[in-house]
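Visitor: Please take me through this entry term by term. I want each label set against its cut-off.

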Amino acid sequence: MSRRHAEQTLRAAKLQSDMASRSKSEFLANMSHELRTPLNAIIGFADLMRHFAAEGRDIEKSLEYATHISGAGRHLLNIISDILDISKIESGTFSLHLEPHSIREVVDASLLLVKGRARDKNQTLEFKSAPDLPVLQVDAGRLKQILINILSNAHKFTPEGGRILVMAQRGAEGGATIAVADTGIGMSDEQIAVAMQPFGQVQSAFSRSHEGTGLGLPIAVALTKQHGGQFHISSKPGIGTTIVVTLPATQAAAAPTAIARQTLQPGLTT
């Protein structure tokens, strides 16, 4: 019995290793496209600007191309930042800069960054907030990153004319709960498990038609855990997704190495 147990443990470890290796291979294949696209745009528009300058052409086109270069550069910077964040989290070297911040102000700032995109897709973006949202010890930049990652996914995977609802309320013990619900394409339990893994992406025709590294949810989960909070996701295909982030009244996060072990396990959904 002891030998059978050891064999089962070895098989389970090999299966997990194979899954992790396959996920990383898929991630690297996707990253090659994600990195090449903005780099090709930067190089192409820069070459056109150089060509126009040599011919003494109108500067209006150069200004337009400079805007495209700036956008591609910012997109590339965001991709690299995500990769660095997940690397720091996995290595246990990630840390927060905690200060008192109004949760209402952080949510408002996050919504401001996605309102334009929601409007472009004719999506309804609603925010319902309790009047007594607290001031908590948080890293405001990282909390905004959590919310923007969640809101960006909601926007991306909700069709034109869909609805995104954001709700925030004070917790029973003085913390805060923030929920984001959408009427998007949704996910099965198996797809949620894949989406929550670093280097994992839900492979569907819809998701492949949209840019992204697949790191948004794992980073949001890890940053929530760093704040001592809880992250819960529920979703149904064809119905939508709801994500709930709960922050404690007092910051009592685990050590970074413990966060890395707890948060980056395959299939974690809370």
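**Labels and their tests**

Visitor: How do you know that S2 and strand S4 are joined?
Guide: Six bridges join S2 to strand S4 (residues 163-170), and the two run parallel. Two strands pair if DSSP finds at least two bridges between them, so six is enough. One bridge sets Phe127 against Val166 in S4. The model is predicted: local features need pLDDT of at least 70, side-chain atom pairs need 80 or more, and totals for chains, interfaces and linings use all residues. Residues are numbered from 1 along each chain as its sequence is written, and side-chain values use heavy atoms, leaving out hydrogens and water.

Visitor: What is the secondary structure of the protein chain?
Guide: Eight helices and seven strands. Both are DSSP runs, numbered from the N terminus: helices are H or I over at least four residues, strands E over at least two.

Visitor: Why is the sheet of five strands called open, and which are its edge strands?
Guide: The open sheet has the order S2-S4-S5-S7-S6. Strand S2 (124-129) and strand S6 (230-236) are the edges, as each pairs on one side only. The twist averages 10° from one strand to the next.

Visitor: What makes the pairing mixed?
Guide: S2 and S4 run parallel. S5 and S7 run antiparallel, joined by six bridges. S6 and S7 are also antiparallel, over seven bridges. In general, strands of a sheet pair through backbone hydrogen bonds, either parallel or antiparallel.

Visitor: Which residues stand opposite each other along S7?
Guide: His232 faces Val244. Lys236 faces Gly240. Val180 has Ile243 as its bridge partner.

Visitor: What lies between S6 and S7 in their hairpin?
Guide: Three residues. Gly238, in the turn, has a positive phi of about 80°.

Visitor: How do you know where helix H4 lies?
Guide: Helix H4 (residues 140-157) lies across S4, strand S5 (176-182), S6 and strand S7 (240-247), at about 20° to S5. Helix H7 (residues 216-226) lies across S6 and S7, at about 145° to S6. Axes are lines fitted to C-alpha atoms, for helices over the stretch in contact, and angles run from 0 to 180 degrees between N-to-C directions. Contact means heavy atoms within 4.5 Å.

Visitor: Which residues of S6 are on the covered face?
Guide: Phe231, Ile233 and Ser235. Gln230, His232, Ser234 and Lys236 form the uncovered face. In a regular strand, side chains alternate between the two faces of the sheet.

Visitor: What makes a nonpolar core, and which residues touch the most other members here?
Guide: A core is a set of buried Ala, Val, Leu, Ile, Met, Phe, Trp, Tyr and Cys residues joined through side-chain atoms within 4.5 Å. Buried means under 20% relative accessible area, with a 1.4 Å probe and protein chains only. The largest core has 41 residues, and Ile103, Phe231 and Ile233 touch the most other members. H4 gives the most to this core, with seven residues. Ile103 touches, among others, Leu143, Ile178 and Leu247.

Visitor: How much of the chain is buried?
Guide: 38% of the 270 residues.

Visitor: Where is the pLDDT under 50?
Guide: Over residues 204-208, with six contacts beyond four places in sequence. Residues 252-270 are also below 50, though that stretch has 43 contacts beyond near neighbours in sequence. pLDDT is the predictor's confidence in each residue, from 0 to 100. Where it is low, the predicted coordinates should not be read in detail. The chain averages 80, and 78% of the residues score at least 70.

Notes:
Buried means under 20% relative accessible area, exposed over 50%, partly exposed in between (1.4 Å probe, protein chains only).
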